[in-house]
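I opened the model to look up a strand pairing, some backbone torsions and a chain contact. My entries follow in that order.

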Amino acid sequence: MIPYLSLSIWVPILAGLAVLVLHRDTDAPRARWVALAGALAGFLVTLPLFTHFDTTTSALQFVERGEWIPRFDVWYSLGVDGISVLFVILNSFMTLLVVWAGWEVIQSRVAQYMAAFLIMSGLINGAFAAMDGVLFYVFFEAMLIPMYLIIGIWGGPRRVYAALKFFLYTLLGSLLMLVALVYLYNVTESFALQDWYRVPLSLPVQIALFAAFFLAFSVKVPMWPVHTWLPDAHVEAPTGGSVILAAITLKIGAYGFVRFILPILPDASRYLSGFVIVLSLVAVIYIGFVALVQSDMKKLIAYSSISHMGFVTLGFFLFSPLGVEGALAQMISHGFVSAAMFLCVGVLYDRMHSRQIADYGGVVNTMPKFAAFMVFFAMANAGLPATSGFVGEFLVILAAVKANPWLGFAAALTLILGAAYTLWMVKRVVFGAVANPHVAALTDVSRREFWLLALVAVAVLAMGIWPKPFVDVMHVSVTDLLAHVAKSKL
Amino acid sequence: MIAQLHAVLPEIAILVSGCVVLIADLFVPRSKRHVSFWLTQIALLVTIWIVVATAQLAPVHAFSGMVVDDMLSDVLKLFALVAVSLMLFYSRAYLTARGLFRGEMFVLTLFSLLGMMVMMAAANFITLYLGLELMSLSLYALVALQRDASAPSEAAMKYFVLGALASGMLLYGISMIYGATGHLDLDRVADATLGAQGNRTLLVFGLVFVVSGIAFKLGVVPYHMWVPDVYHGAPTPVTLLIGTAPKLAAFAFTLRVLAGALKGLEFDWQGMLIVLSLLSMGLGNLIAIAQTNIKRMLAYSTIANMGFMLMGFLAADLNGYSAAMFYVVAYVLTSLASFGVVLLLSREGFEADHLDDFKGLNRRSPWWAFVMLIVMFSLAGVPPTLGFYAKFAVIEAAVNQGFVWLAVVAVLTSVVGAFYYLRVVKLMYFDDPVDTSPIVAPGDARALLSANGIALLVFGILPQYLMGLCTLAVTQSHF
């Protein structure tokens, strides 16, 4: 049996290390090609995860186990179920896009840039596949290092502040989670997640552990009010950094909810579900309004990400199959759509070196192909039917209405708000008369950019029109998860 | 008698080689000083071989119980020898450029190492004290080696006065314990305290003074005042020496006295260590933020790290002691590399001890920037570096004994600490270089420093061997 999960982790990491050797500026072209080959290989080894996936069982698949640190009973234990498998593939796909997207844009320290993304890709796959508490933590935290460097080295003017804020915010949350992991180890004498799913815990203990895990993951998601690092990080990060940040690393926070909080702490989750739902709704509605007033495109998309991720946490804490599946579909869709939006802004930024909405206007006149893509992705971001954005939002709203019509009403406000801030931005940037000579001088997308955006557009459309394969993969696992949550551990 | 000598063979080897280097150096002309250097290195290598070859699981007491040769002392000696050897390799170019590449440097280093090794092998308060004094006096002299500069002299004076005070307190404490129990042998004192013999009030008073002495040697708050000044003022190679091997000796000292001899007073010293640990982690990490000199910053980082280590110690079980030992070993390996890079960047007439000297290091040399990156993340405790597992093991030990709140405080202070480690990474990677001169260093120093940096990463991915070694050392030594 081929260890596909190990390959999906170590192929990109080793490719990244190989790229690092080509650190001289004269090596840049070779570094790009090696990186692309590495990213492609990294993506190809994840494909069998999808094709060989058994959708009829909720058991872990592609399991690998090896003893790692015997003193603490830590295992190198990997496995995916219907919830995590899609993210491994999504991540490897995004890495491929990002390497390609940075092809001509990145001119300084090319090898380090490519290597950072490849190594990060491996670490992220590790976090999604880890079935051992310490292993997960190592991947979860190690990925801060490449992202810190990506924002700090290739970022915008306030990159140092943004990088530091990103790192410290996440570190604070995750270190408290480490204490929680160690506590669970002391109770169960094991770091295996499967053992933690079974261990009985009293409600006060569950609430304390919930607080620790919640801090770690809510910072990562990010949920209101610990979201403030995200707009800074997004605005300052280079396009590739924003894409990975929005498409993948935010998902790890949400993934933590379904992998750790819900099954390990079901009673605390139910007890505190009202609290999480309120925070999620604040994110959906309040942050939606905040997005409306942004003058910086990247900031607007960043706030829109927070708002969309609020939908995800809302879906989880409704404890219904519709809600959880909707949330997971939303996560994948948001991965594609937010990545595409950031790529679009990147295309504009590379030409004009401005992200201010006011600097644009009438882009459609000079960049018709690009304008078509941007309008399409904006529609997807607003959750238009037949795009992937619709599937998740619709399912979550449905679940919310079932739980409480008022909740459904509040959640459905996002349809108006999302459309308002996204389409208004598109209107100001893309449509109208040519605003200034700079816009008049714009050239349309290059062949590379065209295929990059087209690739994502196909994914968005496919998932919107025919979401069944995605939902099928997760269905059994979600049912199993909800059965877990329904069982009290007191 | 031969069997008795067997137990102290490494110490004898270092003593003899110290004398040989001292005499040989007299006959070596100034231009051939590297002869003394290589003699010292050969002596260290031979001693490493002796330690490994004579290592055995069961403890052997020798000279009427004055010294003990057990796994704990063997493992710690091994790391101390490696640390001293690396320190000499890293600092060769630095010393040569400053006219410090002299016989005294090697002889004093060897004698301070001898003191450390005696401390590690001590089974009696007198031996312990003798080892401590030999180590300290040699270190005072080493700090003052650069006679013509004012900062080292000032640092040496501070170190000496405060160190002498701490030694006095320690001796006073030992005398009280002797008065209360009638013994100086650590095992006998342990029997007496565990059997609740002797005057308890007197014992606790003695304990307070002993803990003060220990706290001074570890450099934890509120006995930390000497650390930043000495780290800053001493020539960087000596700072490197003070920051590494003596920590191992101080650990052995702490373990043998608190966990061994004064096990019966566990409840009392646990409380004291909690205070020391909390203050060190909090203050060390906070004040480090304000530093602009990397040696001073690393000094405060040491204070914070030793405080973290004490947290494992105060768990007061085998698990905690081995976690603390692992922490110290990890810290020493990381510290070696950190000062190694500082030494590497320094050259004739230029000290790379200012934080700004690290600006744009990634542009000047991606490899050394990467090594320093690993070092900084290891100090901050971010996986996949060795420092993470050290922190992890200590947190586990503390939580295991119910000190969850202490673990939470510790990780919160670590977040504060992460700030100044990240700042160094920021300077290296995000800023443009101000100094573009090429980095020159002898090949052996480069190779060893690279290996040291990679070791932090390799042990970070495969930590079990180092962890297992520390656990073995502690469990086989009967605590």
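**Strand pair in chain A**

I started with the pairing of strand β1 (residues 61-69) of chain A with β2(A): the two run antiparallel and are joined over 6 bridges. The model is a predicted one, and I read every value below with that in mind. For the register I noted one pair, A:Glu67, which stands opposite A:Trp75 in β2(A). The hairpin of β1(A) and β2(A) has 4 residues between the strands, and there A:Asp73 takes a positive phi near 55°.

I then asked how many of the 7 residues of β2(A) are buried. The count is 6 for this strand (residues 74-80), so β2(A) is largely enclosed by the rest of the structure.

**Cis peptide bonds in chain A**

Most peptide bonds are trans, and I logged the following cis cases. One cis bond joins A:Val221 and A:Pro222, with omega at about -15°. Another joins A:Trp224 and A:Pro225, with omega at about 5°. I looked up where the prolines sit: A:Pro222 lies in the loop between α10 (203-220) and α11 (229-236) of chain A, and A:Pro225 is found in the loop between α10 and α11 of chain A as well.

**Positive phi in chain B**

Most residues other than glycine have a negative phi. I recorded B:Phe63, a non-glycine residue with a positive phi near 50°. B:Phe63 is in the loop between β1 (60-62) and β2 (67-69) of chain B. I also recorded B:Ala316, which is not a glycine either and has a positive phi of about 55°. Its loop is the one between α14 (294-313) and α15 (318-345) of chain B.

Next I asked which class of burial each belongs to, starting with whether B:Phe63 is buried, exposed or partly exposed. B:Phe63 has 14 C-beta neighbours inside 10 Å and therefore counts as partly exposed. B:Ala316 counts as buried because it has 20 such neighbours inside 10 Å, and the cut-off for buried is 20 or more.

**Contact between chains A and B**

My last look-up was the contact, which takes 26 residues from chain B and 29 residues from chain A. On the chain B side, at least two residues each come from α17 (366-380), α18 (386-400), α19 (404-430) and α21 (464-476). Which helix gives the largest share of that side? I found that α19(B) does, with 12 residues. By class, the side of chain B that touches chain A has 19 nonpolar, 5 polar and 2 charged residues.

Key
Residues numbered from 1 in each chain as written. Chains lettered and ligands numbered in written order. Predicted model: local features only at pLDDT ≥ 70, side-chain atom pairs only at ≥ 80, totals over all residues. Contact = placed C-beta atoms within 7 Å. Nonpolar A, V, L, I, M, F, W, Y, C, P; charged D, E, K, R; others polar. Buried ≥ 20, exposed ≤ 12 C-beta atoms within 10 Å, placed from the backbone. Pairing = 2+ DSSP bridges.
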